[in-house]
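Work through the exercises below with the sequence and the model side by side. Try each task before reading its solution.

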Amino acid sequence: RLASLLQAAHCYVYPSLAPLGEALPVAPIEAMATGLVPVVYDMTCFDDYLIEGETGYRFDYQSRDAAAALSGVIQKVLGDLESTARLSDNAAKAAGRLGNRDVAEMYLNVFKEALSTDTPA
């Protein structure tokens, strides 16, 4: 039932309110893999795969009226289905580049970089 609901949708809103973000939120990537356009809060944890207006949308969850900001983005998705179709294709392609091996490689590169940084002990 959930799969059929997702397949009928145009976007996927990810409701994370983690103030510092999350390590690598998987749910938006899974949604992207099905062709759903992700709508996420404006946090850096999405920077590795979400490019504003290319593979999804962000909105300012800390604005005075976050609900209006979210509503505006959803209206953009539903109001321009041609652009939404393009983003859907882009999102699916971007998710295809984020398999287990790809993500593991990203983490290993981050760890290597962290280890090579000169920091006082």
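The exercises cover the sheet, two helices and two single residues.

This is a predicted model, in which local features need pLDDT of at least 70, side-chain atom pairs count only at pLDDT 80 or more, and totals for chains, interfaces and linings use all residues. Residues are numbered from 1 along each chain as its sequence is written, and side-chain values use heavy atoms, with hydrogens and water left out.

**Exercise 1. Work out the strand order of the sheet and how the strands pair.**

Solution.
- Start with the elements. Helices (H or I, at least four residues) and strands (E, at least two) are DSSP runs, numbered from the N terminus.
- Apply the pairing rule: two strands pair if DSSP finds at least two bridges between them.
- Strand 1 and strand 2 run parallel, joined by 4 bridges. Cys11 has Val37 of strand 2 as its bridge partner. Tyr12 is partnered by Pro38, also in strand 2.
- Strand 2 and strand 3 share 3 bridges, again in the parallel sense. Here Val40 stands opposite Arg58 of strand 3.
- Result: an open sheet of 3 strands, order 1-2-3, with parallel pairing.
- Strand 1 and strand 3 each have a single partner strand, so one side of each lacks a neighbour in the sheet.
- On average, neighbouring strands are turned by 20 degrees against each other, direction ignored.

**Exercise 2. Find how many residues of strand 2 are buried.**

Solution.
- Set the cut-offs: buried means under 20% relative accessible area, exposed over 50%, partly exposed in between (1.4 Å probe, protein chains only).
- Count: 5 of the 5 residues in strand 2 are buried, and the strand is mostly covered.

**Exercise 3. Check the span of helix 3 and locate its buried face.**

Solution.
- The expected span is 1.5 Å times one less than the number of residues.
- Helix 3 (residues 66–79) has 14 residues, so it should span 20 Å; its end C-alpha atoms are 20 Å apart, which agrees.
- Its buried residues are Leu70, Val73 and Val77. Seen down the axis, they fall within an arc of 60 degrees (taken from the directions from the helix axis to the C-beta atoms), so they line one face of helix 3.
- The face turned away from the buried side carries exposed Ala67, Gln75 and Gly79.
- Contact means heavy atoms within 4.5 Å. The buried residues of helix 3 pack against strand 1 (11–14), strand 2 (37–41), strand 3 (57–59) and helix 4 (81–96).

**Exercise 4. Do the same for the buried residues of helix 4.**

Solution.
- The buried residues of helix 4 are Ser83, Thr84, Leu87, Ser88, Ala91, Ala94 and Ala95. They fall within an arc of 145 degrees seen down the axis, so they line one face of helix 4.
- Exposed Glu82, Lys93 and Gly96 sit on the face turned away from that buried side.
- The cover over the buried residues of helix 4 includes helix 2 (27–33), strand 2, strand 3 and helix 3.

**Exercise 5. Place Asp47 and Gly72, and state how exposed each is.**

Solution.
- Asp47 lies in the loop between strand 2 and strand 3. Asp47 is partly exposed, with a relative accessible area of 46%.
- The side chains of Asp47 and Arg58 make a polar contact of 2.8 Å. Such a contact is a pair of N or O atoms within 3.5 Å; within protein, one must be able to donate a hydrogen and the other to accept it, and residues adjacent in sequence count only if both atoms are side-chain atoms.
- Gly72 belongs to helix 3. Gly72 is partly exposed, at 36% relative accessible area.

Key:
Axes are lines fitted to C-alpha atoms, for helices over the stretch in contact, and angles run from 0 to 180 degrees between N-to-C directions.
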